[in-house]
Amino acid sequence: MPTSDRDVRQRELVPPARLARSHAVVVGVGAVGRQVALQLSALGVPRMTLVDPDAVSVENLAPQGFWESDLGRSKVEAVAGIARRQYPAIELTEVPERF
C-alpha cells in the first residue's frame, strides 16, 4: 500500500482535501499531548505547531513515553523528531515557550 494511503481509514471522517488544509496546534506535549501530536503526524496532518516550555527530565520517561536519549532536550524538539520520522513531509513549528 503506498504511503499516500496512510489516511485511508479516516477518509470518511476527514476527507483528504480537508486534511490537506489542516494545521494542528498542540499545547503541552507531555503524556497526552505527545500522543496526540504523534497520532496526528501518523495520520498525515501536513502542518503542526507544538508548544511546551519544558525539557525532558528523568521523571518524564515512564509516564510520558520519552526516551533516555531525550533527557535535557526540549519536549517540543523530542516530539518533533519522532513526528518527522513518522511523516517526513510534515511542516512543524516548535515553540519551546509557555502558551
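## Elements and fold

Helices here are DSSP runs of H or I with at least four residues, strands are E runs of at least two, and both are numbered from the N terminus. With that in place, D70 can be put in the loop between α3 (61–64) and α4. One thing to keep in mind throughout: what you're looking at is a predicted model.

The chain has 4 helices and 3 strands. Reading from the N terminus, the order is α-β-α-β-α-α-β. The radius of gyration is 14 Å, close to the 13 Å that the globule rule gives for 99 residues, so the chain is as compact as a globular protein of that length. If you prefer a box, the C-alpha trace spans about 40 × 30 × 20 Å along its principal axes.

## Contacts, surface and charge

Take the contacts with a separation of 6 or more: 56% of them join residues 24 or more positions apart. As for burial, 37% of the 99 residues are buried.

On the outside, the accessible surface comes to about 6000 Å², and carbon and sulfur atoms hold 54% of that. Charges are split into 12 positive and 12 negative side chains, with the centres of the two sets 6 Å apart.

## The nonpolar core

The largest nonpolar core has 22 residues, and the members that touch the most others are M48, L50, V79 and L92. At least two core residues come from each of β1 (23–27), α2 (31–43), β2 (47–51) and α4 (75–86). Helix α4 gives the largest share, with 6 residues.

L50 is a good place to start clicking around. Leaving out residues up to four places away in sequence, L50 touches V26, V29, A37, V76, V79, A80, L92, T93, E94 and V95. Two of the names on that list, V79 and L92, also appear with L50 among the core members that touch the most others.

## Around α4 and β3

Two residues to look at sit in the loop between α4 and β3 (91–95): I90 and Y87. I90 has a relative accessible area of 7%, and under 20% is the cut-off for buried, so I90 counts as buried. Setting aside residues up to four places away in sequence, I90 touches S41, V45, P46, R47, M48, A83 and R84. M48 is also one of the core members that touch the most others. In the other direction, I90 and N60 are 30 residues apart in sequence and 25 Å apart in space, C-alpha to C-alpha.

Y87 has 18% relative accessibility and counts as buried too. Y87 and G44 are 43 residues apart in sequence, with 6.5 Å between their C-alpha atoms.

## Around α3

Back to D70, in the loop between α3 and α4. Is this acidic side chain's residue buried or exposed? D70 is buried, with a relative accessible area of 3%. Not counting neighbours within four places in sequence, D70 is in contact with V56 and A78. N60, the reference point used above for I90, is 10 residues from D70 in sequence and 9.8 Å from D70 in space, C-alpha to C-alpha.

V32, in helix α2, is another residue to check. The relative accessible area of V32 is 63%, and the cut-off for exposed is over 50%, so V32 counts as exposed. The C-alpha atoms of V32 and Q64 are separated by 7.7 Å, with the two positions 32 residues apart along the chain.

Notes. Residues numbered from 1 in each chain as written. Predicted model: local features only at pLDDT ≥ 70, side-chain atom pairs only at ≥ 80, totals over all residues. Heavy atoms only, no water. Rg over C-alpha atoms; globule rule 2.2 N^0.38 Å. Buried < 20%, exposed > 50% of the residue type's maximum accessible area, 1.4 Å probe, protein only. Contact = heavy atoms within 4.5 Å. Areas by Shrake-Rupley, 256 points an atom, 1.4 Å probe, with all protein chains shown as cover. Lys, Arg positive; Asp, Glu negative; His and termini not counted. Charge placed at Lys NZ, Arg CZ, Asp CG, Glu CD. Core = buried A, V, L, I, M, F, W, Y, C linked by side-chain atoms within 4.5 Å.
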